[in-house]
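Let's take a walk through a protein model, one piece at a time. Keep the picture open as you read, and look up each residue as it comes along.

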Amino acid sequence: MRRLALLGAGLAAVLAAQPASALSLDEAVALARKTNPDLAQARAQADLAAAKLSEAQAQRLPSLTLSGETGQGSIDLGGFFGFGKADVSPRAAQVELRAPLFTGGAVSAAIAAARAEREAATQSASGAAATLEVRVAEAYAGVQAADRLLDLARLGEAQTAEILRQARLRFDKGEVARTDVDQAAARQAEARADLARATGEVARARAHFQAVVGVAPDTLEPVQAPATVAATLEDAQAQAERSNPQLRAAEAHLRAAEAGVRMAEAERLPNVALTAVGSSVEDKFFPGYKADGYSVGVQGRWTLFAGGAINARVAQAQAAARAARAGRDAAREGLREGVIAAWSELETARLMLSASRDRATAAASALDSVRNEVRVGQKPTLDLLNAERDRLAADAAVILEEGRVVAAASRLNGLIRGA
């Protein structure tokens, strides 16, 4: 028994020791943000949307176009207009300045749509970052739980091995039946299987951590459940309505779709632009002919009949707006359900953690009592094996529930405020 106590104390000391270079949860999140491909894609989409907004805003500004051509050749007009065969060097150059005066609201609608899509992309990137934070927290807590469960499995294997050794000694002395030895051997084999399972779970948890964060979890700081950013469920729902990035992205998509309707309807109205053109020409048909000029005026275009194409585009835009509105409503309902589920999960995990800790305390006390009773022959070895199993199961439940609290709190905060 003294050997078991020393082993347990040694394992507790190992678990408590943390080197100064341990990786914190915040550092793990920062590393994941640098390497995660999903977040990189979301950020690239936000950059693309910002560039499209700049393109849409440029439609309000004047455009300046320079065009020209030149060449070298020969022409023979056969006496027409008094010209015979001659070498020519045709050239033409033109500068055109065009400034939109009226577009029926198409440019303003295009800018509004692009601005809304940029907001949607930005919010989607924020949502991707929040999702990544939750994944990192789960992976972080998963590694720590797996490591602690492995230590617990090692302790359990050592304890059952010691119980088996003592059962054999007592059997040799005639103090216990052969059944006690067989039961202890069976339980020790079970403990070895649990140890193998825990070893495999550590490998899986560490591989998942590296896939999410981008580095191996060599040493991690102890993780604590993050404080929730809402005091009540109603407060959590209200904050999520204001700040959740997925909902705000859906609202931005709706604004973009509504702007798309205005943009399609603008095709029914005329377009008017101010133009200024300057040109210089040396003709290729009339040797020596040159002409320079300029003009300033107004150009207009009005599509009076397009075979129903404009009406079709308006109908498409209106349908897209209805779909975006339905998507916004679905996102709101999904968010409401998600917040309730996350809040309930966190509350349940906290209650289960408290109960698991009480269970662990009671199981430890029961183990001490049974160990003394077995020592004096009041109870069989099987009772000690059962008490050891109960204590290990209770400690494992505490470890798992602590991880659940961390993951649930992270999910709730991610739904409420994003990243």
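We'll start with a sheet, then visit a residue in a loop, and end with a pair of helices.

Before we set off, keep in mind that this is a predicted model. Now find the sheet. Strands of a sheet pair through backbone hydrogen bonds, either parallel or antiparallel. Here, four strands line up in the order E1-E4-E5-E6, the sheet is open, and the pairing is antiparallel. At the edges you'll find strand E1, residues 63-70, and strand E6, residues 290-301, each of which pairs on one side only. If you ignore direction, neighbouring strands of this sheet are turned by 15° against each other on average.

Let's zoom in on E4 and its partner E5. Strand E4 covers residues 91-102 and strand E5 covers residues 271-282, and 11 bridges join the two, running antiparallel. You can check the direction yourself with two pairs of residues. Gln94 has Ser279 as its bridge partner in E5, while Pro100 is matched with Ala273 in E5. So as you step up in number along E4 from Gln94 to Pro100, the partners in E5 step down from Ser279 to Ala273, just what an antiparallel pairing looks like.

Now carry on from E5 to E6. These two strands also pair in the antiparallel sense, over 12 bridges. Ala273, which we just met as the partner of Pro100, stands opposite Gln299 in E6. Further along E5, Ser280 has Asp292 as its bridge partner in E6.

How many of the 12 residues of E6 are buried? The number is zero, so this strand lies largely in the open. Take Gly293, which lies in strand E6. Its relative accessible area is 32%, so Gly293 counts as partly exposed, a label for values between 20% and 50%. Leaving aside its neighbours within four places in sequence, Gly293 is in contact with Val277, Gly278 and Ser279. Gly293 and Val277 are 16 residues apart in sequence, and their C-alpha atoms are 8.3 Å apart in space.

Next stop: a loop. Asn36 sits in the loop between helix H2, residues 25-35, and helix H3, residues 37-58. Is Asn36 buried or exposed? It counts as buried, because its relative accessibility is 6% and the cut-off for buried is under 20%. The side chain of Asn36 reaches the backbone nitrogen of Leu39 at 2.9 Å. If you leave aside neighbours within four places in sequence, Asn36 is in contact with Leu132, Arg135 and Val212.

Last, let's look at two helices together. Two packed helices are described by the angle between their axes and the distance between the axes. For helix H6, residues 233-243, and helix H9, residues 381-417, the axes come within 6 Å and cross at roughly 50°. That angle makes H6 and H9 oblique to each other. On the H6 side, the contact is made by Ala236, Gln239, Ala240 and Ser243, and on the H9 side by Leu415, Ile416 and Arg417. Sorted by type, the residues of this contact are four nonpolar, two polar and one charged.

Terms used. Residues numbered from 1 in each chain as written. Predicted model: local features only at pLDDT ≥ 70, side-chain atom pairs only at ≥ 80, totals over all residues. Heavy atoms only, no water. Axes fitted to C-alpha atoms, helices over the stretch in contact; angles between N-to-C directions. Buried < 20%, exposed > 50% of the residue type's maximum accessible area, 1.4 Å probe, protein only. Polar contact = N/O pair within 3.5 Å; in protein donor to acceptor, adjacent residues only side chain to side chain. Contact = heavy atoms within 4.5 Å. Parallel < 35°, antiparallel > 145°, perpendicular 65-115°, else oblique. Nonpolar A, V, L, I, M, F, W, Y, C, P; charged D, E, K, R; others polar.
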